[in-house]
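Thanks, everyone. I will take one chain today and go through a few local features. Please have the sequence and the model open.

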Amino acid sequence: MSTSMKAVVIHDYGNSSKLSYEDVPIPEPGPDEVLVKNHFAGLNFIDTYVRQGIMKLVQPGGILGFEGAGTVEKLGSGVQGLCVGDRVAFGFIGTSAYAQYSKVGAKHAVKVPDQLTMEQAASTLWQGFTAHAFACSSYPIKAGDKVLVHAAAGGVGSLITQIAKNTGAFVIGTTSTEAKAAKAREAGADEVILYSQKDFVEEVNRITDGKGVNVIYDGVGKTTFLKDFGCLARRGTVVLFGGASGRPEPLDTSVLAKGSFYVTYGVNFHFVEDPAEYSQRATELFTWLTEGKLKFSGGITVVPLSDVKKAHDMLEGRQTTGKVLLQP
């Protein structure tokens, strides 16, 4: 086995030109760690924040990426329940997934069910943890709820839409194009608003007879967040979890008094820090996938790891639907 591998390193924070595809040493697993030979790494919006230095979860000189799937290549001391050759997936900070090999804590390496492909496994955990945490914990969706999901054709938006529908909620999605609207409907959205053509606040209020929705899931940010409160039901909740359009303007908290509103900013790894919770959410997500209760309605796009700059530009340019995977 070679002692070096290809990986994507960030030496300085900035735009996609700062991503360096280069040779680095293959890491050695320590106690309670495994070395995973990555088949795929997941591309997520948080990766762009880290690359820009907005979230300094990877220091200069480090390898980007928090999600992947592959086979166990080597075991560190003390590892139990995993064997060399096992198919595993992982989604956690510090896993350096943009590489041919990743050193992963054994507690974060989840066995992949035989019914799932490695592409499905690599697409599941990061966005799945996000959707699961926000739809089941930040605001636990219940039957009869009215739910607004921004960017409903995207990876997280599609999964939240499906979880909401499986729970018995009525889902309104927003998208930018007709093509993406079709993807949102495929995920189960009852109504889809093209925010590029219509004001989503007016449309939501029309659809709900002026009552508004119980919860809004907003990963768009700047162009949507402050408007969200105009179509929120009494004592409704806004779950903000990103800023695809930029950081939102500050919130005047007096806005919350208009309906005794709640607002929270969700960060998915805060919901999986406990190994038992990590395992429970991962197991439930894989079970839903194998049972057909979750699917990737936007499809899976595979891009060579060497083309990582192109992949980041596509994601930031909102030119993707579903999940983008990087293949070492």
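I begin with Tyr13, which counts as partly exposed because its relative accessibility is 22%, and buried would require under 20%. Bear in mind throughout that this is a predicted model. Tyr13 sits in the loop between strand E1, residues 4–10, and strand E2, residues 19–25.

What does the side chain of Tyr13 reach at 2.8 Å? The backbone oxygen of Val58. Val58 is also among the contacts of Tyr13 once neighbours within four places in sequence are left aside. That list further includes Lys18, Val50, Arg51, Gln52 and Gly53, and it goes on with Lys56, Gln59 and Pro60. Take Val50 from it: the two residues are 37 apart in sequence, and their C-alpha atoms are 7.8 Å apart in space.

Next, the strands around E12. Strand E12 covers residues 213–218, and five of its six residues are buried. Which strands pair with E12? Strand E9, residues 146–149, is joined to E12 by three bridges, and the two run parallel. Within that pairing, Leu148 stands opposite Ile216. Strand E13, residues 232–240, also pairs with E12 in the parallel sense, here over five bridges. There, Asp218 of the E12 pairing has Leu240 in E13 as its bridge partner.

Now the aromatic residues. The whole structure gives nine aromatic pairs. One of them is Phe92 with Tyr278: the ring centres are 6.1 Å apart and the planes stand at 75 degrees, so this pair is edge-to-face. In sequence the two are 186 residues apart, with Phe92 in the loop between strands E6 (87–91) and E7 (101–105) and Tyr278 in helix H7, residues 275–290. Both of these residues are buried.

A second example is Phe134 with Phe241, where the centres lie 5.3 Å apart and the planes are at 45 degrees, so the pair is tilted. This one also links distant parts of the chain, 107 residues apart. Phe134 belongs to helix H2, residues 118–138, while Phe241 is in the loop between E13 and strand E14, residues 262–265. Phe134 and Phe241 are both buried. Elsewhere, Phe66, Trp126 and Phe269 make up one aromatic cluster.

Last, the cysteines. How many disulfides are there? The count is zero. Cys83 is partly exposed, with a relative accessible area of 48%, and Cys136 is partly exposed at 28%.

How values were computed
Residues numbered from 1 in each chain as written. Predicted model: local features only at pLDDT ≥ 70, side-chain atom pairs only at ≥ 80, totals over all residues. Heavy atoms only, no water. Buried < 20%, exposed > 50% of the residue type's maximum accessible area, 1.4 Å probe, protein only. Helix = DSSP H or I, 4+ residues; strand = E, 2+ residues; numbered from the N terminus. Pairing = 2+ DSSP bridges. Contact = heavy atoms within 4.5 Å. Polar contact = N/O pair within 3.5 Å; in protein donor to acceptor, adjacent residues only side chain to side chain. Disulfide = S-S within 2.5 Å. Phe/Tyr/Trp six-rings, centres within 6.5 Å; stacked < 30°, edge-to-face > 60°.
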